[in-house]
Amino acid sequence: MKKHSWVVVSLVCLCVLGSVLGAGKESKGKNRKKKTEKKKELTLKELMPEKSFFGPSASSMAFSQDGKYGAYRYRPYKERRHGGDLYIYDVEKGKAERITWPSVMAKYQKSARKVVEDRVKKAKKASDSDKADRDEDKKDKDDKKDEKKDKTEKEDEDGDDDRDADSDDEQEKDESTSDSEEEDGDESGKDDESELDEKTLKERGDWVGDKDADDEKAPRYRGIGWFAWSPTTAELLFESEGDVYRYTVDGAVLTRLTQTRQREYSIAWLPDGTGYTFRREGGLFRRIFDGDLTRQLDPKFPADDRLDRYRLSPDGKRIVFTTSKRTKEPSTSKVEIANYRDRLMKSREVTRHVSDDQLPTYERRVYVYEISDDQDEKDTLTEVFKFETHMPDDMLKTPVWSPDSKKVVFLTFEQDPALVKIYEACICESEEDDKEDEDKTADEDADEDDDEDESDSDDKKDDKKKDKDKDDDKKAADKAKEIYRFMHYGGPNTPRMMQLYYLADNKRLVYLSEQTGFRHLHVLDPLYQSFRPLTSGPYEVYPIDISKDREWVFVRATKEHPSQTDVYKVSTASGRMIRLTKETGTHSDAAVSQDGMKVLTNLISYEKLRELVFIDRDADVYKTLTDSHPEKAHKFAEPSPEFFDYKNRHGHTLYGMMFKPDDWSEKDKRPVLIYFYGGPLGTTKMVVQGSYSPYNFAFPYYMAKKHGYVACTIDTRGNSGYSGVFEKANFGQVGKPQVEDLVDAVGFLVENYGVDKKKVAIHGWSFGGFQTQMCLYTEPDVFQAGIAGAGPTEWENYNSWYTRHTIGKSEPGKATLKEFSLLPLAKNLKGHLLLVHGMEDSNVLYQDTVRVYRELLKAGKETLVELFLDPTGGHGLGGDVKTLSRYRKYEQFLLRTIGEYEPTEKEKKRRNRKNRDRKKQKNKSGQNANVLASSL
């Protein structure tokens, strides 16, 4: 073999040996790290802080009409105590700029000036403190320098230093230069851009210190509320402290438009961008930018109705109003809430509308208002629809205009028959059209013989009758007509989510419904009274907006997985869905540009905390715009749960997520803790990407890692966000579907996840508190322990607006919901139950827990039930019992009743065997390394 070949072989062998030895060292390093981590005990205290780790999120995202700018409300972490400010993102430059600050609004607002003054004082105090610290540091450096110099001189005198004079001078020069640079940098900060920024902020009164969030006595900056882009230009209107402001992007001009003691609200741009409308003290007003006249647009309604909502037509010539008037007063029940804060107990009275109280009745109307161009007060008001509501969910949706401004469409929902009706009103004639007809008739009459005799009285009567018939025909034509109806068989929350959009032909409509079993978009053709699904599949769709050309509907959807939501654009012609967001997680508060290519959205997942991101699908740009959370929040959120799904006995797919112990094996016999909610809650569910709540993240993680539990969160039937079948599952059988699903979950976990079927614990809050008790009372052999927080055990005493669409039918004067009470079932308890409640809870009454506790005592269950009360707490506690206290109690209760995980002898042997195998493998690797080293 040639000499260079031996060199190559030697090098290769050395590389292999280095890898083996390096791997060994790395393995040892990891083991040392694991041992260090083991020594650091996981505690509830670090997982349950008094104040949240997380910062505020961006909100109200919106794009300008040309898509060149995005806008949003936001406040940085240090300013979390204050209101949000207006930010604008320049798409071309890729840069976000904060538009409003306390110093900017101080020009207009007394409250903002107070904040600025307070911040300037605090900034000066902080600067003085920093200067003192720098002076102290400088003194320390000088002392060290002198000490070093003395030492050098002494060494020279003793002859111990062999360096020559040039070397000494050079070193002294280097040290002097280094010290000088440090001093100058610390004092001026000119070399540091961030220091410059901080200096400017301090001078302006916009600097915020780390302690600001805890200074509750300091003045609070309110920021801005609503804002909207102009429909024609790059400018915005926004509201702050009840007044209206205008901001023009070109030139960065900010103008105050109102200064009133009353609050302006429901603000909207005029369609041509020349002004805006707003409401004040119930009235509706219009203001043109170039004019001085502020015009009130709402008329005196004939039936003395109260104005509810309004919407301007696209051409700005008409307004559609919805109004309401109560025609029958309700009866209400009164409840005493006990207060134990003082020496002697006091009580306060609260009213609530329970299931057997008399319901109110309302008359709701739709009016179309023709706005005269002149200041002649010749506006005309036409009633096009009247609707009477009797049930809590009876509803009239705000009408929507067609693109040509000639039609309005709206829907009604009648809860009792569960009937949806869609109505349309055509506004085919205007005052100008009538005036033109009158002028034309007058001209024709003028051409006739002026000497012609007047018609006799009979002819006049005929003419009057014709005119009256014509008016009647016109009124009938003005009335809204039903164009479609369907029965709603889905969940109780869907009717209020139903949106209507006209397509470009001004005829067909896109609407949201649950007709296919899931919330999906449909296209309605009124001509044939037929519909077709635009989207379909076992997932949910939530509309965001429709493009101006009506070719795309922008939506959020759970198409990829029920635990996440993405943003899509949906073709109104074909139903084709194009996914605009690629990152895994939950996208919320999303806005999409008119071209359907740019997105502003909040994104959260178990890989990333919630931040605002900008996405340009065309340019393949993905950019995070906010940095909202401190380092401790990122550290807290490092763990990630494992997602799973299973089939219940009926074949439905149910979803969950879990934390497992580090040394978990599927052959273990682990205690299991299951959290759930079980009731309809809008679109909210518990098993989602990026939920860091104590109940479904921190506490399950803690119980898994500290006490060896398999800790799960499961969404059962009854939850929102899965299908109509799920959300309506409680009606007439509240709690029963959830019990079935949870029993099936236990079987699945025992079979697949090393769970001991004799150590099953469950917990939930509010609806979940009811559900926990339901499980323990009806399946006592399956569930051994439960923690029930603030559960409504007697639905007849809960608010009727919820019970009538979720629990079951009820009639005034009849407590029909009594059949769903848990009191008769309490005697079946076999496991251990912890009842938790805030004694000042006015939502779910504390008496519910007391009454079920009495039933348990009467049934001889005193050794199985415990009470944990917050004397000053409400529905979520928060009085004397803080979050940490609550979960400490949970931990102690579970360890007493279910116990900590202890491996069986069989499991210990299996683990010992595994450990021996690992050691053998390790020794074998070491021997191989030694053999290789010897051969080299």
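**Confidence, cores and a cavity in a predicted model**

Tutor: Across the protein chain, pLDDT (the predictor's confidence in each residue, from 0 to 100) averages 86, and 81% of the residues score at least 70. The model is predicted, and local features need pLDDT of at least 70, side-chain atom pairs count only at pLDDT 80 or more, while totals for chains, interfaces and linings use all residues. Residues are numbered from 1 along each chain as its sequence is written, and side-chain values use heavy atoms, with hydrogens and water left out.

Student: What makes residues 6–17 a stretch to treat with care?

Tutor: Their pLDDT stays under 50, and the model has eight contacts for them beyond four places in sequence; a contact means heavy atoms within 4.5 Å. Residues 430–434 are also below 50, with nine contacts beyond near neighbours in sequence. Where pLDDT is low, the predicted coordinates should not be read in detail.

Student: Why is F770 called buried?

Tutor: Buried means under 20% relative accessible area, exposed over 50% and partly exposed in between, using a 1.4 Å probe on protein chains only. F770 has a relative accessible area of 0%, so it counts as buried. In the whole chain, buried residues make up 48% of the 936 residues.

Student: And what makes D304 exposed, while S766 is not?

Tutor: D304 has 54% relative accessibility, therefore it counts as exposed. S766 has 13%, so it counts as buried. Each has a positive phi without being a glycine: near 55 degrees for D304 and about 60 degrees for S766. D304 lies in the loop between β12 (294–296) and β13 (306–312), and S766 in the loop between β40 and α14 (767–778).

Student: How do you know what counts as a helix or a strand?

Tutor: Both are DSSP runs, numbered from the N terminus: helices are H or I over at least four residues, strands are E over at least two. By that rule the chain has 18 helices and 43 strands. F770, for one, lies in helix α14.

Student: What makes a group of residues a nonpolar core?

Tutor: The members are buried Ala, Val, Leu, Ile, Met, Phe, Trp, Tyr and Cys residues, joined through side-chain atoms within 4.5 Å. The largest such core has 93 residues, of which F699, F783 and W795 touch the most other members. Helix α11 (residues 694–707) gives the most to this core, with seven residues. A second, separate core of 22 residues includes I88, A106, Y108 and V116.

Student: Which residues does W795 contact, leaving aside neighbours within four places in sequence?

Tutor: Among them are V734, F767, F770, Y802 and F820. F770, on the same kind of count, touches residues including V734, G735, W795 and L822.

Student: Why is the space beside Y675 and W765 called a cavity?

Tutor: On a 1 Å grid over the protein atoms alone, a cavity is a set of points where a 1.4 Å probe fits but cannot get out, and lining residues have an atom within 4 Å of a point. The search finds one cavity of 30 Å³ or more, and the largest has a volume of about 40 Å³. Its lining includes Y675, W765, R886 and Y890. The elements giving two or more residues to that lining are β40 (755–765) and α17 (883–897).

Student: How does that lining divide by residue type?

Tutor: Six are nonpolar, two polar and one charged. Here Ala, Val, Leu, Ile, Met, Phe, Trp, Tyr, Cys and Pro count as nonpolar, Asp, Glu, Lys and Arg as charged, and the others, Gly among them, as polar.

How values were computed
1 Å grid on protein atoms, 1.4 Å probe; cavity = no way out; pocket = protein on both sides within 12 Å on 5 of 7 lines; lining within 4 Å. Points joined across faces, edges and corners; volume = space filled by probe spheres on them.
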